[in-house]
Amino acid sequence: MSPAQPRDETPIAEPDAVHVGHVKDYAAGVPAVAVALARGLEQMGPLRTARTLTKLNQRDGFDCPGCAWPETPGHRKHAEFCENGAKAVAEEATKRRVTPEFFATHSVADLREKSGYWLSQQGRLTHPVHLAAGDTHYRPVSWDEANRIIADEFAAMSSPDEAVFYTSGRTSNEAAFVYQLFARSVGTNNLPDCSNMCHESSGAALGASIGIGKGSVTVPDIEAADLILIAGQNPGTNHPRMLSTLEKAKHNGARIIAINPLPEAGLMRFKDPQKASGVVGHGVKLADDFLQIRLGGDMALFRGVARLLLDAERAAPGTVFDQEFLDRHCAGVDDYLRLLDDVDFADVLEATGLSHAAIIDLADAVASSERIVLCWAMGLTQHHHAVATIGEGTNVLLLRGMIGKPGAGLCPVRGHSNVQGDRTMGIFEKMPESFLAAQDAEFGIVSPRAHGYDTVAAIGAMARGDVRLFVAMGGNFVSAAPDTEYTRAALERCSLTVQVSTKLNESHLATGTAALILPTLGRTDKDVVNGVPQQVSVEDSMSVVHLSRGSLPPTSSELHSEVAIVCDLATAVLGPDHTVPWQAFRGDYDAIRDHISRVIPGFEDFNTRVRLSDGFVLPHPPRDRREFDTATSRANFAVHPLEWVRVPEGRLILQTLRSHDQYNTTIYGHDDRYRGIKGNRRVIMVNPDDIESRGLRAGDRVDIVSEFAASDGVQERRVSGFEVIAYATPRGNAAAYYPETNPLVPLGAVAKESNTPVSKAVVVRLEPSPTV
């Protein structure tokens with residue numbers, strides 16, 4: 001392995017004054033190519049840029065460390081990546097280094113004064129480091145000593161449930177499987193993950209409706225659809241490669257309807273930089289219609305559409321509903337139709353902010369289309385009534401028989417690259433008995449059956465002092481979680497915090513009494529064990545499992561793979577004679593896959609099928625055979641009282657969102673090119689009429705104060721010094737970037753059933769910031 005290189009001392013630009021420019025009406029194009037190449041050259045240099053980008057999302061290369069959007073089966077472009085994928089690779093494959101000398105120079109207190117952007121820009125971690133109780137600086141530590149420190153912490157526990165094992169979505173299938181196997185071998189189901197904060201509502205809703213918490217479509221389905229509804233999603237920034245799929249669908253005749261509180265460039269027009277029309281032409285208009293819905297009004301919209309479908313079916317029986325599908329495959333139909341009879345369109349119009357004509361047009365499109373796909377993301381999942389909302393959207397498709405039909409179905413668009421695979425591998429605090437029993441039989445262990453902590457519950461347990469040890473396999477927990485200051489204080493109550501990471505982030509500075517940072521290989525790095533190259537696998541957003549292989553020499557000889565880190569730790573804690581062959585797993589990932597094939601249905605002959613050119617597709621009974629693993633053995637209509645988000649007098653409803661220059665909590669820069677906001681992220685986007693009605697002006701500095709009804713009265717949270725930006729939001733709605741506004745989301749504000757933080761419906765008031 002190559003020795004650690006000196007860290008690039010290039011000055012890191014911190015935020016500047018806010019500059020508001022032109023809002024883009026298209027995504028990608030030549031600027032996307034220019035930005036991608038510039039970031040690559042800045043961070044990696046020309047040779048590393050060529051070595052990584054030519055392997056990104058290729059069959060003999062590595063899976064993008066960004067989003068989970070799949071490739072088109074049987075066809076991959078030479079440049080199979082987007083601008084934000086290139087940025088993610090540049091961040092990971094940077095030549096900058098964080099060495100032991102860096103930690104000797106910077107105390108933890110000093111680093112706490114730095115921004116998350118600055119921390120990330122320092123480069124790749126090169127050595128394991130330890131912050132002992134009372135120390136001011138992280139100091140180098142050997143891997144053996146690090147494992148001994150963690151093992152001693154386990155030995156001091158009165159219960160295995162005093163440990164929490166968090167997982168980020170970039171962990172490979174193999175690492176995720178051994179990670180959860182270790183946690184359950186120790187004796188706990190405390191396995192919170194990033195899904196708890198994003199698509200948990202999707203899993204809960206789909207599990208209840210169709211019996212599996214995964215989408216029911218493939219890329220060819222979307223390309224063949226004649227109507228695509230995209231609700232609460234911004235693919236231009238969050239899943240840019242999806243735009244190519246939508247362009248193909250558009251070419252095939254699809255009508256695309258965007259349902260979103262903000263106009264998003266990627267849904268307006270797409271300029272594919274790999275086509276002449278995307279370079280010198282105007283590109284392709286994607287959205288035929290843009291329904292600018294109020295925050296939290298999607299459930300009402302879907303119910304209003306369903307009521308109009310019912311009216312049309314009654315007027316001409318047999319022409320709208322797929323009655324055969326309803327009779328053969330669905331339960332709860334009559335209960336749902338009775339609910340539709342009670343729909344008051346005054347409520348629908350108030351909740352959505354849309355015109356009656358626009359809703360009628362949408363219902364007509366749904367009634368007349370033969371192949372409908374519904375796509376959504378966090379704009380639907382992070383509401384108090386998120387599960388009911390997704391259930392309502394599913395109801396609309398069920399009425400039309402759009403499950404298990406080519407060119408039709410449900411498409412929750414997942415974020416991080418293997419977040420769906422992590423759940424498949426067992427990263428879940430309440431895995432079903434079938435999984436636990438199969439794993440116990442395979443390895444001779446006894447997995448605990450009591451449900452563990454999800455993310456919100458884990459934070460509460462740490463805050464109460466019920467958790468001694470917090471281990472994070474990737475991610476930036478303190479910045480990703482809600483109620484930032486509360487979460488930071490909760491972590492600091494732990495005895496030991498352990499972060500398995502590639503880059504420095506804020507979570508490394510929210511330490512327990514003691515802390516460890518364990519540097520790991522990234523997606524771009526070669527993983528070689530005893531001279532044998534290893535390969536990992538990932539599952540994309542549409543249940544396709546394929547291999548990933550890094551192409552760069554590791555940053556330092558002290559980096560260990562996630563698999564090696566887990567297996568060495570398990571050996572230290574459980575002993576070399578444990579029934580799980582940890583050290584065999586460490587040196588041979590095929591051995592892990594062999595065991596997975598006997599534990600998890602759908603992975604039979606795993607090692608052979610994953611080596612096929614495009615991997616393999618996991619079974620999905622509703623999609624494949626119109627079979628539904630529910631209590632009724634049918635697709636269940638969701639029956640919930642209608643809810644929407646009401647705006648209190650003098651207040652706004654705030655949604656937190658990403659800029660175009662970030663991915664999750666990783667900030668690539670301070671510009672949001674598509675929204676025309678540059679130089680600084682501490683802004684709040686507000687409708688011009690709302691600005692005027694509050695006696696404010698664009699450019700004013702304000703404190704944002706959130707209000708949350710709790711059992712002990714109204715709780716408040718505050719963030720300061722945000723610049724007001726006039727923006728095309730619905731009246732009463734506002735938007736601001738996370739993680740800067742995560743402190744405004746109280747830990748107790750969660751979605752029913754899924755316990756997902758309600759980050760898209762925060763009641764706030766604006767107060768002028770004190771003059772300094």
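A residue is called buried here when its relative accessible area is under 20%, exposed when that value is over 50%, and partly exposed in between. With those cut-offs in hand, Glu753, at 56% relative accessibility, counts as exposed, whereas Arg626, with a relative accessible area of 22%, is partly exposed. Both residues return below, once the overall fold of this predicted model has been laid out.

The chain contains 31 helices and 33 strands. Its radius of gyration is 25 Å, close to the 28 Å that the globule rule gives for 772 residues, and the chain is therefore as compact as a globular protein of that length. Taken along the principal axes, the C-alpha atoms fill a box of roughly 75 × 65 × 60 Å. Of the 772 residues in the chain, 64% are buried, and among the contacts with a separation of 6 or more, 78% are made by residues 24 or more positions apart.

The outside of the chain can be described in similar terms. The accessible surface comes to about 26500 Å², and carbon and sulfur atoms account for 53% of that area. As for charge, there are 76 positive and 96 negative side chains, and the centres of these two sets lie 4 Å apart.

A good place to enter the interior is strand 8, which covers residues 227-231. Five of its five residues are buried, so strand 8 is largely enclosed by the rest of the structure. The cover extends to both faces of the strand, since Leu227, Leu229 and Ala231 are buried on one side, while Ile228 and Ile230 are buried on the other. Strand 8 pairs in the parallel sense with strand 9 (residues 255-259) over five bridges, and it also pairs in the parallel sense with strand 14 (residues 372-376), again over five bridges. Leu229 offers a convenient point from which to view both pairings: its bridge partner in strand 9 is Ile257, and in strand 14 it stands opposite Leu374.

Further along the chain, strand 25 (residues 652-657) is likewise mostly covered, with six of its six residues buried. Leu652, Leu654 and Thr656 point one way from this strand, and Ile653, Gln655 and Leu657 point the other way, all of them buried. The pairings of strand 25 are of two kinds, for it runs antiparallel to strand 33 (residues 762-768), with three bridges between them, and parallel to strand 32 (residues 733-737), with five bridges. On the strand 33 side, Ile653 stands opposite Val763, while in strand 32 the bridge partner of Gln655 is Ala735.

The loop between strand 32 and strand 33 holds two backbone features that deserve a careful look. Most residues other than glycine have a negative phi, and most peptide bonds are trans. Within this loop lies Pro739, and the peptide bond that leads to it from Tyr738 is cis, with omega near 10°. Glu753 belongs to the loop between strand 32 and strand 33 as well, and although it is not a glycine, it has a positive phi of about 80°. This is the residue introduced at the start as exposed, at 56% relative accessibility.

Arg626 also departs from the usual sign of phi, having a positive value of about 55° although it is not a glycine. It sits in the loop between helix 30 (621-625) and strand 24 (635-636), where, with a relative accessible area of 22%, it is partly exposed.

A smaller set of strands gives an example of a sheet with free edges. Strands 21, 22 and 23 form an open sheet in the order 21-22-23, with antiparallel pairing. Strand 21 (536-539) and strand 23 (616-617) stand at the edges with a single partner strand each, so one side of each is left without a neighbour in the sheet. Strand 22 (residues 544-548) is joined to strand 23 by two bridges, and one of the residues involved, Val545, has Phe616 as its bridge partner in strand 23.

Helix 8 (residues 200-210) provides a last stop. Its buried residues are Glu200, Ser201, Ser202, Ala205, Leu206, Ser209 and Ile210. An α-helix has 3.6 residues a turn, so residues three or four places apart point the same way. After helix 8 comes Gly211, whose phi is positive, near 90°.

Key:
Residues numbered from 1 in each chain as written. Predicted model: local features only at pLDDT ≥ 70, side-chain atom pairs only at ≥ 80, totals over all residues. Heavy atoms only, no water. Helix = DSSP H or I, 4+ residues; strand = E, 2+ residues; numbered from the N terminus. Rg over C-alpha atoms; globule rule 2.2 N^0.38 Å. Buried < 20%, exposed > 50% of the residue type's maximum accessible area, 1.4 Å probe, protein only. Contact = heavy atoms within 4.5 Å. Areas by Shrake-Rupley, 256 points an atom, 1.4 Å probe, with all protein chains shown as cover. Lys, Arg positive; Asp, Glu negative; His and termini not counted. Charge placed at Lys NZ, Arg CZ, Asp CG, Glu CD. Pairing = 2+ DSSP bridges.
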